Amino acid sequence: MTKMRVSAVQYHLHTIHSFEEFAAQVEHYVKTAEEFGADFILFPEFFTTQLMSIGKDGRALSIDELPEYTEQYLELFTGLAKKSGVHLIGGTHVVEKGGKLYNTAHMFYPDGRVVTQAKLHITPTEVHEWNMAAGESFEVFETEKGTVALLTCYDIEFPEIVRMAKARGADVIFCPSCTDDRHGFHRVRYTSHARAVENQVYVVLTGTVGSLPTVDFMRANFGQAAVITPNDIPFPPKGLAAEGELNDDMIITADLDLELLYQVREKGSVTTWRDRRTDLYTDWK
């Protein structure tokens, strides 16, 4: 298989009152993308912080309490992946392991398998306000449609890790993101384009929109989904297969042809992956 159809959700954060409300919103997005024939559906980073707005004893939940919803989150997405026959990248969810909190991307296969990738590079806010720990290992994931990697938001700003993803066979990087202003948004967006050019891969990016007025550090969101391609003749001139409307509640969908990546790596206008000077700098594996 050399083609896959991807959808990315600009997830609308707003205050809810039950897990059932969250589940209904997630199912709505999955069913919408399913109607478009998507093979993969990407949700944003930290979108499950919406569950913190349900609250307890008249207050919003703290980040330490969010892992209490992990079992329900896993059950919901596993069931939807099986039912829809679609690979679901369930954005990121905060999990607790060994007394530490990890901002962890999850991919749910249609056959019920679940794989995870903890965020590797942690922002100052995640460290100082939410006491997050950094992931300690990195891997890519085989699917029947191709090899993919899950790199979350700040991760995409580090070229070395995407070099590793490509060296290990990934053709598509799924990047769930959450940014609160234009500066953060454009850092992630611009570096996503750079990573696609450097490694001749696709990057599927999305972010949260809306706000959670009762949840600290989730009061503002600035987001836009994009399906980013290398910049070469077979692809759109601006390296954009699709992009959403800024800060709107919506889904975007695009087709990715992996064969085109193989062609431009071999005979493109530029062959950036092949032309690396590994005699002068590290060859990431």
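**Pockets and packed helices: worked exercises**

The second largest pocket has a lining of three nonpolar, six polar and three charged residues. Keep in mind that you're looking at a predicted model.

**Exercise 1.** Find the residues that line the second largest pocket, and say which strands each supply at least two of them.

*Solution.*
- Step 1: start with the space itself, which is about 310 Å³ in the second largest pocket.
- Step 2: pick out the lining, which consists of Val95, Lys97, Tyr102, Thr104, His106, Thr116, Gln117, Ala118, Gly135, Glu136, Ser137 and Glu139.
- Step 3: match residues to strands; β4 (87–97), β5 (100–108) and β6 (114–118) each supply at least two residues of this lining.

**Exercise 2.** Now describe the largest pocket: how much space lies in it, and which residues are closest to its centre?

*Solution.*
- Step 1: the largest pocket holds about 490 Å³ of space.
- Step 2: its lining has 23 residues, and Thr123, Thr125, Cys178, Thr179 and Asp180 are the closest to the centre.
- Step 3: look for helices; α3 (124–128) and α5 (182–199) each give at least two residues to the lining of the largest pocket.
- Step 4: sort that lining by class, and you get ten nonpolar, five polar and eight charged residues.

**Exercise 3.** Work out how helix α1 is oriented relative to helix α2: roughly parallel or oblique?

*Solution.*
- Step 1: to describe two packed helices, you use the angle between their axes and the distance between the axes.
- Step 2: for α1 (residues 19–35) and α2 (residues 70–84), the angle is about 25° and the axes are 11 Å apart.
- Step 3: angles under 35 degrees count as roughly parallel, so α1 and α2 are roughly parallel to each other.
- Step 4: check the handedness; α1 passes α2 in a right-handed crossing.
- Step 5: see who touches whom. Phe19, Phe22, Ala23, Val26, Glu27, Val30 and Glu34 in α1 meet Gln72, Tyr73, Leu76, Phe77, Leu80, Lys83 and Ser84 in α2. The residues of this contact split into nine nonpolar, two polar and three charged.

**Exercise 4.** Do the same for helices α4 and α5: at what angle do they pack?

*Solution.*
- Step 1: α4 (residues 159–167) and α5 pack at about 45°, with their axes 10 Å apart.
- Step 2: that angle makes α4 oblique to α5.
- Step 3: the crossing of α4 past α5 is right-handed.
- Step 4: Pro159, Val162, Arg163 and Lys166 of α4 make the contact with Arg195, Glu198 and Asn199 of α5.
- Step 5: by class, the residues of the contact of α4 with α5 come out as two nonpolar, one polar and four charged.

Technical notes: Residues numbered from 1 in each chain as written. Predicted model: local features only at pLDDT ≥ 70, side-chain atom pairs only at ≥ 80, totals over all residues. Heavy atoms only, no water. Axes fitted to C-alpha atoms, helices over the stretch in contact; angles between N-to-C directions. Helix = DSSP H or I, 4+ residues; strand = E, 2+ residues; numbered from the N terminus. Parallel < 35°, antiparallel > 145°, perpendicular 65-115°, else oblique. Left-handed = near helix turned anticlockwise from the far one by under 90°. Contact = heavy atoms within 4.5 Å. Nonpolar A, V, L, I, M, F, W, Y, C, P; charged D, E, K, R; others polar. 1 Å grid on protein atoms, 1.4 Å probe; cavity = no way out; pocket = protein on both sides within 12 Å on 5 of 7 lines; lining within 4 Å. Points joined across faces, edges and corners; volume = space filled by probe spheres on them.
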